[in-house]
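Colleague: Please take one part of this model and look at it closely, and then set it within the chain and the complex around it. A connected account would serve me better than a list.

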Amino acid sequence: MKRLQDWLTLQAERRPEACAVVFGRQRATYGEIEMASNRLARALRAAGCRRGDRVALLLPKSIQALIGLFAALKADCIYVPLDTASPAARLRRMLVASDSRCLLANGSTAALLNEMAGHARGSAMPRVGWMDGGATLHHGLTPEFYWGDVLRLSAAALDSANNETDPVHILFTSGSTGIPKGVVITHANVIHFVEWGIRYFGISASDRISGHPPLHFDLSTFDIYGAVAGGAQLHLVPPEVNILPHQLAAFIRDSELTQWFSVPSILNHMARFAVIRTNDFPSLRRLLWCGEKFPTPALIYWMRRLPHVEFFNLYGPTETTIASSCYRVPQCPESDTVEIPIGEPCDGERLLVLDETMRPVALGQAGDLHVAGVGLSPGYWRDPQKTREVFLPHPERPDSSDRVYRTGDLAKIGDDGSIYLIGRSDSQIKSRGYRIELGEIETTAHALPEVQEAAVVAIDSPGLEGATICCAFVPCPGSELSTLFLKKQLAELLPHYMLPSRWMVLDRMPRNSHGKVDRPSLKEQFRRAAVHERSAVPVQGEKEAAHVA
Amino acid sequence: MLPEVELACEVQAVLSEKLMVQVASPDTDLLETGVLDSLTAVQLLLHLEERFGFKVAMEEVEIEDLRSIRALGRLIGRQKAACAAV
C-alpha cells in the first residue's frame with residue numbers, strides 16, 4: 001500500500017455495505033465514507049487546495065471529521081487536526097504556523113472559529129469549508145462551500161498524485177519555549193506501523209476497535225487506519241461517555257469491542273472506581289495502552305478480572321509515529337512492584353539507550369533512549385533548528401542519511417535484556433496521556449502583564465493525573481492578582497489539561513546559589529502542602545485508600 | 001435538607017475554591033465549556049463528598065447530573081437524601 005486513502009478505497013470496493021464507523025446513533029459504511037470523501041476532496045480542490053497544502057480540521061471527533069481527513073488525503077493535502085477543546089488563541093497560533101489553505105468546521109465549532117478569526121488581527125484566515133447547513137460567522141468570514149454544495153459533486157474516485165513520502169498530517173504538541181511544535185508524519189510512517197499492527201495483533205474484519213483519543217492525539221491514527229486497513233468497525237467513544245468510568249465500561253461492554261486502546265490514566269481511572277466485573281467484556285480480545293507508564297496495581301486489577309484478554313504496553317513518542325516498541329504482558333504480575341518493560345521494537349524500528357557520547361550504556365545503567373527506523377518523522381514543521389536538535393545522525397552510521405530521534409526519556413536495559421523507562425531528562429511531563437512541556441505553561445504565565453515572575457513544576461500525584469502541575473508566581477508590585485484570576489487568564493491561552501492545579505503566591509521566587517529559580521525547593525513546598533492537605537481530610541484519604549486497594 | 005439554591009451556591013464555592021474555576025451562571029454547560037472532564041469531574045465529586053460529608057454512589061451518577069451547577073445541586077440533594085434514608 002502506498003497511501004492511506006488507498007485502504008479505504010480497497011475496502012469500499014470489496015465490501016461497500018460493511019459498517020466502517022459507529023458514533024453514538026450514527027453509522028457509516030465503507031462505501032459511504034469513500035463516496036463522501038471523494039465529494040469533499042473535489043470541493044477542497046475547487047477551493048484551491050493543491051498537493052502539499054494544509055487542511056485544518058476544526059471538527060470534534062466524529063464521522064464527519066473522518067470524512068474530512070480522508071478527503072484531505074485524496075485532494076493530495078496534509079490535514080492538521082485541531083483540538084476543539086483548546087482556547088482560540090492557541091489554535092490560532094497553530095493555524096498560522098501550519099499556513100493552512102483551507103479549514104473545515106461545522107456548527108459545533110462556529111463560536112470557536114469566530115473567536116479564532118477575532119484573534120487574527122489582520123492576518124489572513126484560510127478558506128472555510130462548512131460541513132453542515134447555514135453558518136453564522138463574523139469578522140468577514142464566509143464559507144467557500146457548504147455541505148449542500150459538496151453533495152452535488154461527483155462521488156466517483158479521483159486521481160491523487162501524492163505518494164508514500166508525502167506528509168499525512170501535522171500533529172501539534174506542547175513546545176518548551178511556549179510555542180507548540182508541529183510534528184510531520186508521512187504516509188510511509190503510518191503504513192509501516194499499521195501493517196505491523198495488523199500482522200502482530202491479527203486485526204481482521206471481525207474486529208470492533210475503539211476510537212478513544214481525540215484526533216490530534218497520535219494514538220488515534222492507529223485506531224482509524226488500523227480499522228480501515230483491516231476492514232474492521234471503528235467505534236468512536238463519545239466525549240461525554242469518557243467522563244464517568246462506569247459509562248466507559250458500559251460502552252466497551254455494549255459495543256462488544258474486541259480491541260481497546262487508550263492511555264493508562266483512563267485504565268487507572270476505571271480501576272480506581274472498580275467498574276470492571278469479573279470476566280467482563282466477553283468480546284474483548286486485546287487491550288493496548290501507550291503514552292505513559294501504567295501503574296502495576298491497576299494492571300493487576302485489570303488482568304485478574306479479564307483472563308481472556310491479552311495486554312500490550314506500547315511505547316513511542318509522536319515523532320516516531322504511534323509506537324516504536326511493544327510488550328505483551330505474559331501473565332498477571334505477582335506484585336505491585338513488578339516493573340513492566342517497553343518491550344521489543346516493532347518491525348523496522350530500533351531502540352538505543354545511549355550515553356552522552358552517543359555510545360551504548362552498560363546493562364542496568366541509565367541512558368538517553370533514542371529511536372531509529374521507519375517510524376521517524378521527517379521533523380518539525382518549518383522548524384529546521386528544533387529538528388536538528390533532536391533528530392540526530394545515526395551514531396553507528398554517521399556518514400549515511402540515517403537518523404535517530406532523541407526521545408528525552410531516560411531508560412535502562414534490565415538483566416532480562418528488556419528496556420525499562422525510568423524518567424525524563426527534561427521538564428516534559430505526561431498527564432492523562434498528554435505530553436506537556438512545563439516551559440510552555442511557565443512562558444505563558446510569565447508573559448501576562450500582572451505577573452512579575454512565574455515558575456511551573458510538577459509533583460507526583462497518587463491519582464489519575466500521573467503528575468500534578470504546580471505554579472508559583474510573584475505578582476507585579478501593586479497588582480492584586482489572585483490565583484482565580486490568573487487561572488482564568490491562563491485558561492484563555494492554554495488547553496485545560498495544561499492548567500496548573502496547585503498554586504502558590506510568593507513575594508519573591510526562591511533562588512539557588514547560581515541565582516536560578518530553586519525548583520527542587522518549590523517542588524518540596526508543593527509536596528508538603530499536598531501531604532498536609534491529604535492528612536487534613538480523612539474522608540477523602542480513606543476513600544482513596546479504598547479505591548487503590 | 002438545604003434548598004436547591006443553597007446547594008448550587010455551595011457547588012459554586014467548591015468549584016472556585018478547590019478547582020479554581022469561575023462559572024458564569026448556575027445553568028452554564030460545564031461539559032461543553034470544558035470545565036469538567038474525566039479528571040475534574042471526579043475531583044469535583046470527591047470535594048463535594050468532603051464538603052457535604054457523604055459518599056457519592058458513583059454508579060447512580062449520570063452524565064446529565066454533571067451538566068450544570070444546578071444539576072449538581074440536584075444530584076447532591078438526591079444522594080444526600082438517599083444516604084440519610086439508609
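**A covered helix and its setting**

Modeller: Buried residues make up 47% of the 549 residues in chain A, where a residue is buried if 20 or more other C-beta atoms, placed from the backbone, lie within 10 Å of its own, exposed if 12 or fewer do, and partly exposed in between. This is a predicted model, in which local features need a pLDDT (the predictor's confidence in each residue, from 0 to 100) of at least 70 and side-chain atom pairs count only at 80 or more, while totals for chains, interfaces and linings use all residues. Residues are numbered from 1 along each chain as its sequence is written, and chains are lettered from A and ligands numbered from 1 in the order in which they are written.

The part I have chosen is helix α8 of chain A, residues 219–230, one of 16 helices in a chain that also has 27 strands; helices (H or I, at least four residues) and strands (E, at least two) are DSSP runs, numbered from the N terminus. At 1.5 Å a residue its 12 residues should span 16 Å, and the end C-alpha atoms are 17 Å apart, which agrees; the expected span is 1.5 Å times one less than the number of residues.

Helix α8(A) is mostly covered, with 12 of its 12 residues buried, and among them are Phe222(A), Asp223(A), Ile224(A) and Tyr225(A), together with Gly226(A) and Gly230(A). The cover includes the helices α1 (4–14), α3 (63–74) and α7 (187–201) of chain A as well as the strands β10 (208–211), β11 (233–236) and β12 (259–262). After the helix comes Gly231(A), whose phi is positive, near 70 degrees.

Helix α10(A), residues 264–272, invites a parallel reading: 9 of its 9 residues are buried, so it is largely enclosed by the rest of the structure. Its buried residues include Asn268(A), His269(A) and Arg272(A), and the helix is followed by Ala274(A), with a positive phi near 50 degrees.

For the chain as a whole, a compact globule of 549 residues would have a radius of gyration near 24 Å, and chain A has 24 Å, which agrees; the radius is taken over C-alpha atoms, and the globule rule is 2.2 Å times the number of residues to the power 0.38. The C-alpha trace spans about 70 × 60 × 60 Å along its principal axes. Of the contacts between residues at least 6 apart in sequence, 67% join residues at least 24 apart, a contact being two C-beta atoms, placed from the backbone, within 7 Å.

Finally, 21 residues of chain A are in contact with 19 residues of chain B. On the side of chain A, α9 (245–254), α14 (483–491) and α16 (538–548) each supply at least two residues, and α14(A) gives the largest share, 4 residues. That side divides into 8 nonpolar, 7 polar and 6 charged residues, with Ala, Val, Leu, Ile, Met, Phe, Trp, Tyr, Cys and Pro counted as nonpolar, Asp, Glu, Lys and Arg as charged, and the others, Gly among them, as polar. As to confidence, the predictor gives the complex an ipTM of 0.75 and a pTM of 0.89, while chain B averages a pLDDT of 83, with 97% of the residues scoring at least 70.
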